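User: I am new to this structure and would like to be led through it by questions and answers. Please begin when the model is in view.

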Amino acid sequence: MNGTVLVAGGTGRVGTHAVNFLSRSENVKRIIIVGRDSLSGRTILNNATISAALNQFYPKIEYRKANLRDEEETLNLLQETQPNAILFAATAMSMFPFHGMKTQSTGAYFIIRDLAILYPFMKTLKRAGIKTQLVNVAN
């Protein structure tokens, strides 16, 4: 792929690793990190840029602060950036508050929690009318 990859949830654990991997992939020319935390976003952007340069890759990497629950904001982001691929790694919150709880008491919560972001995003992606590939790694 010679194009743009948007990493939704790019400031989380999975998103951070994805950004670092993509930054060292020769066919990725532009990476858009999307998240809620500007400080983490800039840090991840800088780390990925350095990592890529050490491997002699120079993709354009940018950070966009966005609330993926806001359909209009997401629609504008998608139409403006026109990503060829989207890696969806966004979740509503960390799993740490549930550490130690029994799986059967948290399973339904996690499904609902992740769909609270994924479903509006998918609706907005359809409205945007762009040709892209989406990979959901949030669930």
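Analyst: A salt bridge here is a side-chain nitrogen of Lys or Arg within 4 Å of a carboxyl oxygen of Asp or Glu. This is a predicted model, in which local features need pLDDT of at least 70 and side-chain atom pairs count only at pLDDT 80 or more, while totals for chains, interfaces and linings use all residues. Residues are numbered from 1 along each chain as its sequence is written, and side-chain values use heavy atoms, with hydrogens and water left out.

User: With which residue do the side chains of Arg64 meet in a salt bridge at 3.0 Å, N to O, where the partner counts as buried at 12% relative accessibility?

Analyst: Buried means under 20% relative accessible area, exposed over 50%, and partly exposed in between (1.4 Å probe, protein chains only). At 12% relative accessibility, the partner falls under the 20% limit and therefore counts as buried. The salt bridge of Arg64, with 3.0 Å from N to O, is made with Glu62.

User: Which residues are joined into one network by salt bridges that share partners?

Analyst: Arg30 also forms a salt bridge with Glu62, their closest N and O atoms being 3.0 Å apart. The side chains of Arg64 and Glu80 meet in a further salt bridge (3.0 Å, N to O), a pair that links distant parts of the chain, with Arg64 in strand 3 and Glu80 in helix 3, 16 residues apart. Through shared partners, the network joins Arg30, Lys60, Glu62, Arg64 and Glu80.

User: Is Glu80 buried or exposed?

Analyst: Glu80 has a relative accessibility of 54%. Because exposed means over 50%, Glu80 counts as exposed.

User: Which strands stand at the edges of the sheet?

Analyst: Helices (H or I, at least four residues) and strands (E, at least two) are DSSP runs, numbered from the N terminus, and two strands pair if DSSP finds at least two bridges between them. The open sheet has five strands in the order 3-2-1-4-5, with parallel pairing. Each edge strand has a single partner strand, so one side of each is left without a neighbour in the sheet; these are strand 3 and strand 5.

User: What is the bridge partner of Val7 in strand 4?

Analyst: Strand 1 and strand 4 run parallel and are joined by four bridges. In strand 4, the partner of Val7 is Leu87.

User: At what angle does helix 2 run to strand 3?

Analyst: Axes are lines fitted to C-alpha atoms, for helices over the stretch in contact (heavy atoms within 4.5 Å). Angles run from 0 to 180 degrees between N-to-C directions. Helix 2 lies across strand 2 (28–35) and strand 3, and its angle to strand 3 is about 175 degrees.

User: What is the relative accessible area of Thr4?

Analyst: Thr4 lies in strand 1 (residues 3–8). Not counting residues up to four places away in sequence, Thr4 touches Arg30, Ile32, Thr81, Gln82, Pro83, Asn84 and Ala85. Thr4 is buried, and its relative accessible area is 9%.

User: What is the phi of Gln56?

Analyst: Most residues other than glycine have a negative phi. Gln56 is found in the loop between helix 2 (38–54) and strand 3 (60–65), and is exposed, with a relative accessible area of 64%. Although Gln56 is not a glycine, its phi is positive, at about 60 degrees.

User: Where is Gln82 placed?

Analyst: Gln82 is a residue other than glycine with a positive phi, near 50 degrees. Its relative accessible area of 43% makes Gln82 partly exposed. Its place is the loop between helix 3 (71–81) and strand 4 (85–88).
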